[in-house]
Amino acid sequence: MEAVLWYVMTGTRGGENRVRILRAIDERPRNANKLAEELDLDYKTVRHHLDVLMENDIVENSGDDYGAVYLPTEQARDHWDTVEQIIEQVD
């Protein structure tokens with residue numbers, strides 16, 4: 001999981017936005033629309049990054065598709081020290 005976190009958050013285009021999204025949902029789970037508003041990103045961009053994070057088992061959603069609230073997975077929580085290292089490096 002650590003290698004996946006590093007790759008998804010630092011080794012690919014858009015990693016910085018994925019870090020911002022993950023940090024935001026760690027503070028408070030939100031839906032894609034709220035994330036787009038609060039991070040000043042296009043809704044489709046946020047959806048794309050959420051899809052990448054979900055495909056890599058870093059975030060999960062609860063609720064229906066449009067109003068789904070996103071939060072970190074247990075697997076991501078188990079490796080939160082790595083997430084914090086990545087956040088420090090990206091900031």
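**View 1. Ser62 sits across from Val69 of strand E3.** This is a predicted model, in which local features need pLDDT of at least 70, side-chain atom pairs count only at pLDDT 80 or more, and totals for chains, interfaces and linings use all residues. Residues are numbered from 1 along each chain as its sequence is written, and side-chain values use heavy atoms, with hydrogens and water left out. E2 and E3 run antiparallel and are joined by four bridges. Zoom out a little and there are three strands in an open sheet, ordered E1-E3-E2, with antiparallel pairing. Strand E1 (30–31) and E2 are the edge strands, each pairing on one side only. Here two strands pair if DSSP finds at least two bridges between them; strands (E, at least two residues) and helices (H or I, at least four) are DSSP runs, numbered from the N terminus.

**View 2. Helix H4 packs on the sheet, touching E2 and E3.** The direction of H4 makes about 110 degrees with that of E2; axes are lines fitted to C-alpha atoms, for helices over the stretch in contact, and angles run from 0 to 180 degrees between N-to-C directions. Which residues of H4 are buried? They are Val46, Arg47, His49, Leu50, Val52 and Leu53, where buried means under 20% relative accessible area, exposed over 50%, and partly exposed in between (1.4 Å probe, protein chains only). These buried residues pack against helices H1 (2–10), H2 (15–27) and H3 (32–39), as well as strands E2 (59–62) and E3 (69–72).

**View 3. The two ends of H4 (residues 43–55).** At the start of H4, Asp42 puts a side-chain oxygen within 3.0 Å of the backbone nitrogen of Lys44. After H4 comes Asp57, with a positive phi near 60 degrees. The end C-alpha atoms of H4 are 18 Å apart, which agrees with the 18 Å that its 13 residues should span at 1.5 Å a residue. That expected span is 1.5 Å times one less than the number of residues.

**View 4. Ile21, a residue of helix H2, in its surroundings.** Ile21 counts as buried because its relative accessibility is 0%. Beyond its neighbours within four places in sequence, Ile21 is in contact (heavy atoms within 4.5 Å) with Leu35, Leu39, Val46, His49, Leu50 and Leu53. Take His49: it is 28 residues from Ile21 in sequence, yet their C-alpha atoms are 8.1 Å apart.

**View 5. Asp26 and Arg77 meet in a salt bridge, 2.7 Å from N to O.** Asp26 belongs to helix H2 and Arg77 to helix H5 (residues 74–78), so the pair ties together parts that are 51 residues apart in sequence. Asp26 is partly exposed at 29% relative accessible area, and Arg77 is partly exposed too, at 33%. How many salt bridges does the structure hold? There are five, counting a side-chain nitrogen of Lys or Arg within 4 Å of a carboxyl oxygen of Asp or Glu.

**View 6. Salt bridges around Glu38 and Glu37.** Glu38 pairs with Arg30, their closest N and O atoms being 2.7 Å apart. Buried or partly exposed? Arg30 counts as buried at 9% relative accessibility, whereas Glu38 is partly exposed at 39%. A network of salt bridges links Arg28, Arg30 and Glu38. Glu37 meets Lys34 at 3.9 Å, N to O; three residues apart in helix H3, Glu37 and Lys34 are separated by about one helical turn.

Methods
Polar contact = N/O pair within 3.5 Å; in protein donor to acceptor, adjacent residues only side chain to side chain.
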